[in-house]
Amino acid sequence: MKYLLIQFLRKPNGQIDEQVSIAKKVRPTDLQTCYVILNFSTKKVEKCVIEGKVVETDWDRMNNYYKKIYPNLISELVKANQTS
């Protein structure tokens, strides 16, 4: 797996839930529905849209942020994409 895909879902009560998945490749539907796409192979932020606005950010900032929230998932993605 090389991509971390994140969707935000707004509930009727206004609460926002985050749905996280990993994938080997990004499908066209992922580009439309995901708000954050991180490529762990190239260490690149492919997409970052928060509340309808494109956010200019860098790999280190996004990686560190999600490492705090999903430490096991991020460590597995890092291990899977290490180059020898």
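In this predicted model, the residues that line the largest pocket divide into 6 nonpolar, 1 polar and 2 charged. The lining consists of Phe8, Leu9, Arg10, Ile16, Tyr35, Val49, Ile50, Glu51 and Gly52. Two elements, strand 1 (3-10) and strand 4 (44-50), each give two or more residues to this lining. Strand 1 provides the largest share, with 3 residues. The space in the largest pocket is about 170 Å³.

The strands are arranged in an open sheet of 5 strands, in the order 2-1-3-4-5, and the pairing is antiparallel. Strand 2 and strand 5 (53-54) are the edge strands, each pairing on one side only. In general, strands of a sheet pair through backbone hydrogen bonds, in either a parallel or an antiparallel sense. Between strand 1 and strand 3 the antiparallel pairing extends over 4 bridges, and leucine 4 has leucine 38 of strand 3 as its bridge partner. Strand 3 and strand 4 are likewise antiparallel, over 4 bridges. Here isoleucine 37 stands opposite lysine 47 of strand 4. The hairpin formed by strand 3 and strand 4 has 4 residues between the strands, and in it lysine 43 adopts a positive phi near 55 degrees. Strand 4 is joined to strand 5 by 2 bridges, again with the strands running antiparallel. Valine 49 stands opposite valine 54 in strand 5, and Val49 is also one of the residues lining the largest pocket.

Strand 3 is covered on both faces. On one side Val36 and Leu38 are buried, and on the other Ile37 and Asn39 are buried. Ile37 is also touched by aspartate 30, a residue of helix 1. Aspartate 30 has a relative accessible area of 6% and is therefore buried, the limit for that class being under 20%. Apart from residues up to four places away in sequence, aspartate 30 touches Leu5, Lys25 and Ile37.

A search of the whole structure returned 4 aromatic pairs. In one of them, the ring centres of phenylalanine 8 and tyrosine 35 are 5.7 Å apart and the ring planes are at 35 degrees, so this pair is classed as tilted. Phenylalanine 8 belongs to strand 1, whereas tyrosine 35 is in the loop between helix 1 (28-33) and strand 3 (36-39); the pair therefore ties together parts that are 27 residues apart in sequence. Phenylalanine 8 has a relative accessible area of 23% and is partly exposed. Tyrosine 35 is also partly exposed, at 32% relative accessibility. Both Phe8 and Tyr35 appear in the lining of the largest pocket.

Another aromatic pair is made by tyrosine 66 and tyrosine 70, with 6.4 Å from centre to centre and 10 degrees between the planes, and this pair is stacked. Tyrosine 66 is buried, at 2% relative accessibility, while tyrosine 70 is partly exposed, with a relative accessible area of 22%. Since buried requires under 20% relative accessible area, tyrosine 70 falls outside that class. Tyr65, Tyr66 and Tyr70 form one aromatic cluster.

Glutamate 18, in strand 2 (residues 16-23), has contacts with members of both aromatic pairs described above: among the residues it touches are Phe8, Tyr66 and Tyr70. Glutamate 18 also touches Ile6 and Gln7, with residues up to four places away in sequence not counted. The C-alpha atoms of glutamate 18 and phenylalanine 8 are separated by 4.7 Å, although the two residues are 10 residues apart along the chain. Glutamate 18 counts as partly exposed at 30% relative accessibility.

Asparagine 63 is placed in helix 2 (residues 59-69). This residue counts as buried because its relative accessibility is 9%, where the class takes values under 20%. With neighbours within four places in sequence left aside, asparagine 63 is in contact with Phe40 and Ile74.

Definitions and conventions
Residues numbered from 1 in each chain as written. Predicted model: local features only at pLDDT ≥ 70, side-chain atom pairs only at ≥ 80, totals over all residues. Heavy atoms only, no water. 1 Å grid on protein atoms, 1.4 Å probe; cavity = no way out; pocket = protein on both sides within 12 Å on 5 of 7 lines; lining within 4 Å. Points joined across faces, edges and corners; volume = space filled by probe spheres on them. Nonpolar A, V, L, I, M, F, W, Y, C, P; charged D, E, K, R; others polar. Buried < 20%, exposed > 50% of the residue type's maximum accessible area, 1.4 Å probe, protein only. Contact = heavy atoms within 4.5 Å. Phe/Tyr/Trp six-rings, centres within 6.5 Å; stacked < 30°, edge-to-face > 60°. Pairing = 2+ DSSP bridges.
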